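This briefing concerns the predicted model displayed here. Please consult the sequence and the coordinates alongside the points below.

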Amino acid sequence: MSIKEETDALKRIPLFAKLDSAKLKLLAFMSQRLSFDPGQAVFAQGDSGDAAYIVLEGEAVVSIDTPGGPIEIARLLKNEIVGEIAILCDVPRTAHVRASGTAPLVCLKIEKDDFMALVNEFPSMGVEIMRELARRIVRSNAQLRQAMAAKSA
């Protein structure tokens with residue numbers, strides 16, 4: 001994948017959609033392209049948050065540890081971002097993320113310092129981050145309601 005293709009991929013992510021092409025190219029250039037085999041961990045719950053990841057190809061599963069065992073809370077597909085909570089809040093990773101499906105998971109890894117520099121330079125990114133986190137809370141609440149209803153039945 002070329003810088004242009006990575007820039008185009010970044011532009012399709014709501015978090016980065018409002019950045020001009022020059023900034024997107026810079027972000028693509030600063031990012032590291034990584035590939036994970038199906039089942040391979042991207043990061044684990046409790047790890048230090050050092051980067052955010054943009055899904056370019058493949059699929060990932062997000063899960064959390066609970067007293068009753070791990071629970072899947074999301075599936076990530078192309079053009080989705082994961083890992084930004086830990087780098088925004090300086091907290092350990094809040095979930096496990098691993099490659100799933102039958103094809104490799106290909107991601108752009110954006111280091112914490114580079115990501116935060118962009119957020120500081122472009123406040124509109126902060127608004128998009130809040131929107132994405134709010135969407136995730138809504139999804140998590142819906143899943144929790146379903147789990148509680150199933151448990152009550």
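The points that follow address one helix and its surroundings, one helix pair and one loop residue.

In this predicted model, helix H4 spans residues 112-121 and has Phe115, Leu118 and Val119 as its buried residues. Helices H1 and H2 cross with their axes coming within 9 Å. Asn79 lies in the loop between strands E5 and E6.

**Helix H4**
- The buried residues Phe115, Leu118 and Val119 lie on the same side of H4, because they cover an arc of only 100 degrees around the axis.
- Asp113 and Asn120 are exposed and sit on the face of H4 turned away from its buried side.
- The cover over the buried residues of H4 includes helices H2 (21-30), H3 (84-89) and H5 (123-152), together with strands E3 (51-57), E6 (81-82) and E8 (105-111).

**Helices H1 and H2**
- The axes of H1 (residues 3-11) and H2 cross at roughly 115 degrees, which means that H1 is roughly perpendicular to H2.
- The crossing of these two helices is right-handed.
- From H1, Ile3, Glu6, Thr7, Leu10 and Lys11 meet Ser21, Leu24, Lys25, Leu27, Ala28 and Phe29 of H2.
- By class, this contact of H1 with H2 comprises 6 nonpolar, 2 polar and 3 charged residues.

**Asn79**
- Asn79 counts as buried because its relative accessibility is 18%, and the cut-off for buried is under 20%.
- Beyond its neighbours within four places in sequence, Asn79 is in contact with Ala9, Arg12, Ile13 and Val55.
- Asn79 and Val55 are separated by 24 residues in sequence, yet their C-alpha atoms are 5.3 Å apart.

How values were computed:
Residues numbered from 1 in each chain as written. Predicted model: local features only at pLDDT ≥ 70, side-chain atom pairs only at ≥ 80, totals over all residues. Heavy atoms only, no water. Buried < 20%, exposed > 50% of the residue type's maximum accessible area, 1.4 Å probe, protein only. Helix = DSSP H or I, 4+ residues; strand = E, 2+ residues; numbered from the N terminus. Arc of directions from axis to C-beta. Contact = heavy atoms within 4.5 Å. Axes fitted to C-alpha atoms, helices over the stretch in contact; angles between N-to-C directions. Parallel < 35°, antiparallel > 145°, perpendicular 65-115°, else oblique. Left-handed = near helix turned anticlockwise from the far one by under 90°. Nonpolar A, V, L, I, M, F, W, Y, C, P; charged D, E, K, R; others polar.
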